[in-house]
Amino acid sequence: MEKKLEGKHVFMILLAFFGVMFAVNGVFVYVALTSFSGVTEKDAYVKGLNYNRAIEENLEQRARNWLVLLDTENLGQSSSILTLSAKDRNGEDLFFDDVTMVLKRPAQEDLDFEVTLTKEAEKFVATVEFPLPGQWDVIVLANGAGYDKPYRLEKRLWVK
């Protein structure tokens, strides 16, 4: 006996099809809303408006003609010694009042932390325990040395 395709069968097939589509789309919407938003700067619009000022400040900093180096020594187990050395245009050591570092994970802002470097001889040093291996952005702010605005150095590190 041959079965006929009736209207109620077509209706059930359509309900099943669209039910599966809505369920899958619901899962996608949930995953999209609960995962990384892609926003790395909370005030990107304002920073965009102030971009010319940022370029000007960068040029002012370059005009100081300082040689500022951030060296890393890997201690293993996501631990490193970070050393900042700075010399002026005449090769003389620079003396900062204080030096701080902000360490940011590019894809996880909940792991960001700040470290204050201590002066040892002519350098500033900090031992840093990174929560996770991988890429880290380091922003160094060195205050003093005869300037009101801090010297800013940015570097990306790879921590093993």
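Here a colleague asks a modeller how the descriptions of this predicted model are reached.

Colleague: How do you know how confident the predictor is in the protein?

Modeller: We look at pLDDT, which runs from 0 to 100. The protein averages 87, and 100% of the residues score at least 70. Confidence is lowest in strand E1, at a mean of 82, and highest in helix H1 (residues 7–34), at 95.

Colleague: What makes the length of helix H3 close to the expected one?

Modeller: The expected span is 1.5 Å times one less than the number of residues. H3 covers residues 51–63, which is 13 residues, and the expected value comes to 18 Å. From first C-alpha to last, H3 reaches 19 Å, close to that expectation.

Colleague: What is unusual to look at in Asn 65, just after H3?

Modeller: Its phi. Most residues other than glycine have a negative phi. Asn 65 is not a glycine, yet has a positive phi of about 60 degrees. Asn 65 lies in the loop between H3 and E1. Ala 121, in the loop between E4 and E5, also has a positive phi, near 55 degrees.

Colleague: Why is Ala 121 called exposed?

Modeller: Exposed means over 50% relative accessible area. Ala 121 has 63%, so Ala 121 is exposed. Asn 65 has 48%, and therefore counts as partly exposed.

Colleague: Now the sheet. Which strands are called edge strands?

Modeller: The sheet is open, with seven strands in the order E1-E2-E5-E4-E3-E6-E7 and antiparallel pairing. Strand E1 (67–76) and strand E7 (147–159) each pair on one side only, and these are the edge strands. Neighbouring strands are turned by 20 degrees against each other on average, direction ignored.

Colleague: How do you know that E3 and E6 pair?

Modeller: Two strands pair if there are at least two bridges between them. Strand E3 (residues 96–105) and strand E6 (residues 134–144) have eight bridges, in the antiparallel sense. Met 101, for example, has Val 140 in E6 as its bridge partner.

Colleague: Why is Val 99 called buried?

Modeller: Buried means under 20% relative accessible area. Val 99 has 0%, so Val 99 counts as buried. Val 99 is found in strand E3. Leaving aside neighbours within four places in sequence, its contacts include Leu 84, Val 115, Phe 124 and Leu 141. Leu 141 is 42 residues apart from Val 99 along the chain, but their C-alpha atoms are separated by 5.7 Å.

Colleague: What makes two rings an aromatic pair?

Modeller: Their centres must lie within 6.5 Å, and planes over 60 degrees apart make the pair edge-to-face. By this rule the count is eight aromatic pairs. Phe 17 and Phe 18 are 5.1 Å apart, centre to centre, with 80 degrees between the planes, and the pair is edge-to-face. Phe 113 and Phe 130 form another edge-to-face pair, at 6.2 Å and 70 degrees. Phe 113 lies in strand E4 (residues 108–120) and Phe 130 in the loop between E5 and E6, so this pair ties together parts that are 17 residues apart in sequence. There is also a cluster, in which ring pairs link Trp 66, Phe 96, Phe 124, Tyr 147 and Tyr 151.

Colleague: Is Phe 130 buried or exposed?

Modeller: Phe 130 has a relative accessible area of 5%, so Phe 130 is buried. Its partner Phe 113 has 22%, and therefore counts as partly exposed.

Notes. Residues numbered from 1 in each chain as written. Predicted model: local features only at pLDDT ≥ 70, side-chain atom pairs only at ≥ 80, totals over all residues. Heavy atoms only, no water. Helix = DSSP H or I, 4+ residues; strand = E, 2+ residues; numbered from the N terminus. Axes fitted to C-alpha atoms, helices over the stretch in contact; angles between N-to-C directions. Buried < 20%, exposed > 50% of the residue type's maximum accessible area, 1.4 Å probe, protein only. Contact = heavy atoms within 4.5 Å. Phe/Tyr/Trp six-rings, centres within 6.5 Å; stacked < 30°, edge-to-face > 60°.
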